[in-house]
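Open the model in your viewer and keep a selection panel at hand. The stops below say what to select next and what to look for there.

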Amino acid sequence: MKMNTKANILFSTFVFFAFYHLSFVSCRKTISDHSGNGFTLDLIHRDSPHSPFYNPSNTRSNRLRNAFHRSFSRASFFKKSSLATPNTIQSNISPIPGEYLMKLSIGTPPVEIVAIADTGSDLTWTQCKPCENCFKQSSPLFDSNKSSTYKTAGCDTEECTSLWSSSCVRGNICEYQMSYGDQSHTIGDLAFDKFTFPSTSGENVTIPNIAFGCGHDNGGTFNNYTSGIIGLGGGEVSIIKQLDKQINGKFAYCLISIPLDSPISNVTSHINFGSSATVSGDNVVSTPLIKKEPSTFYYLNLEGVSVGNKTLEFKSFKIGSSKVGFESHEEGNIIIDSGTTLTFLPNDFYLNLESILVDSISSTRKDDPSGNFHLCYESENGTIDAPTIVTHFTNADLELSLSSTFAEIEEGLVCLTIVPADDIAIFGNLAQGNFLIGYDLVANKISFKPTDCTKY
């Protein structure tokens, strides 16, 4: 077993979940060269009728409750991962069950797979033949012997040395090992092959020599709807970093609300790459993207939160380190994660925020029967009269919509979707809804533009 000596904190992959959790992806444009041409993919939420996870018997409140439950679990794993020591050989992020899925093909001829897409993960992997220990999946396993473009990665390749945990097997083949916080795991060969993203128009985006894990020993809480994970994080082996020459370090997404009642079948969220990921025009604000460990996560600097005309200063809460607490000059104090539904803020700060909200809301307060939410109110129509909440990132003020900050978790009960947490801060996907959010990993910034994502 060898470890990446450059890594200060051991981290591997995560769910989806986050990006809030990804579903089928279909491309709309073909890359014809490596000059940074843009392309767009559809992101279908796991609760959409197009998702294999979709359960038509689930009610609106069931879907919300389930999403929130996954959110609490994800935040717990985030905390463990950000506090992990370099000698921890386990990824504490749980990848299951995933909020969004990606549909793509690997190899020549191409074999279609459906995998959890996640901005909180780096390594992309899928189950492969021969499978010594695999979870059941509805689609055929990838057979590397049938792909003319498949080749294993050597132990001295940059991709192998970038892994958190790997070993040399069968001469000079790089074997990866991933263990997740929910005791799920994957072990297999690191390899290279052609990735093809299918287009609804019949065109394809084809990228050769993508590094991925060919898993021969996989198990845990995975289910038969998926065959692995697509890593969209900030680490060296993520798809984002591997497509750097093609997309010039740029990607963007626009997330519609969680499907609750009768989702419009033709309306999906989107993720853009390359020139298509440029966020410009009126009302665009940008904030620095902070680089720190674990490099998988995307960090921002939150300076404060306003409720109406009152502003609370957010002292720099230190994350991504074994030392946790309020630091006066620590940057990168909150993780932006599309795979976490709720927004999590440190306990003390949350209590001050809640106090201001309580003083500003005249509705009848009511306890959440589940005990998960701290601030809830009675509601006859699923809404309440609440003040506007604005998050103040460095150089970027975001006015959050009322529908994203207060949600009806069951009939007649509306709760604040910002919740307290120990030692972690996460800007979740509900708060990100109906913003076009662009990541520029060259300029190290994230841009936000208010957008109706159902029309984007």
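Select leucine 41 and isoleucine 271: Leu41 stands opposite Ile271, which belongs to strand β14. This is a predicted model, in which local features need pLDDT of at least 70 and side-chain atom pairs count only at pLDDT 80 or more, while totals for chains, interfaces and linings use all residues. Residues are numbered from 1 along each chain as its sequence is written, and side-chain values use heavy atoms, with hydrogens and water left out.

**Stop 1: strand β14 and its partners**

Show residues 269-273, which make up β14. Strands here are DSSP runs of E with at least two residues, and helices are runs of H or I with at least four, numbered from the N terminus. Strand β2 (residues 39-43) pairs with β14 in the antiparallel sense over five bridges. Two strands count as paired if DSSP finds at least two bridges between them.

Now add strand β13, residues 250-254, which runs antiparallel to β14 and is joined to it by four bridges. In this pairing, look for phenylalanine 251, which stands opposite phenylalanine 273 of β14.

How many of the five residues of β14 are buried? Five of the five are, so the strand is largely enclosed by the rest of the structure. Buried means under 20% relative accessible area, exposed means over 50%, and partly exposed is in between (1.4 Å probe, protein chains only). Colour the two faces of β14 separately: Ser269, Ile271 and Phe273 lie on one side, His270 and Asn272 on the other, and both faces are covered.

**Stop 2: the nonpolar cores**

Select Tyr253, Ile336 and Tyr439. Of the 71 residues in the largest nonpolar core, these three touch the most other members. A nonpolar core is a set of buried Ala, Val, Leu, Ile, Met, Phe, Trp, Tyr and Cys residues joined through side-chain atoms within 4.5 Å.

Centre on isoleucine 336 and display its contacts (heavy atoms within 4.5 Å). Leaving aside residues up to four places away in sequence, Ile336 touches Tyr253, Tyr298, Leu300, Phe427, Gln432, Ile437, Tyr439, Ile446 and Phe448. A second core, separate from this one, has 19 residues, among them Leu64, Leu342, Val419 and Ile424.

**Stop 3: helix α5**

Select residues 347-360, the 14 residues of helix α5. At 1.5 Å a residue they should span 20 Å, and the end C-alpha atoms are 20 Å apart, which agrees. The expected span is 1.5 Å times one less than the number of residues.

Which residues of α5 are buried? They are Phe349, Tyr350, Leu353, Glu354, Ile356 and Leu357. Look down the axis of α5: the buried residues fall within an arc of 160°, so they line one face of the helix. The arc is that of the directions from the helix axis to the C-beta atoms. Turn to the face away from the buried side to find the exposed residues Asp348 and Asp359.

**Stop 4: backbone details**

Go to the peptide bond from threonine 108 to proline 109, which is cis, with omega near 0°. Pro109 sits in the loop between β3 (101-106) and β4 (111-118). Another cis peptide bond joins lysine 129 and proline 130, with omega about -10°. Pro130 is in the loop between β5 (125-129) and β6 (142-143).

Next, select asparagine 434, a residue other than glycine with a positive phi, near 60°. Its loop runs between α7 (429-432) and β30 (435-440). Asparagine 444 also is not a glycine and has a positive phi, about 55°; Asn444 lies in the loop between β30 and β31 (445-450).

**Stop 5: salt bridges**

A search of the whole structure finds four salt bridges, each a side-chain nitrogen of Lys or Arg within 4 Å of a carboxyl oxygen of Asp or Glu. Select aspartate 189 and arginine 170, which meet at 2.6 Å, N to O. The two are 19 residues apart and link distant parts of the chain: Asp189 is in strand β10 (residues 185-198), Arg170 in the loop between β8 (165-169) and β9 (173-179). Asp189 is buried at 6% relative accessible area, whereas Arg170 is exposed at 57%.

Then select lysine 241 and glutamate 236, whose closest N and O atoms are 3.5 Å apart in their salt bridge. Finish with lysine 455 and aspartate 452, a salt bridge with closest N and O atoms 3.9 Å apart. Lys455 is exposed at 71% relative accessible area, and Asp452 is partly exposed at 36%.
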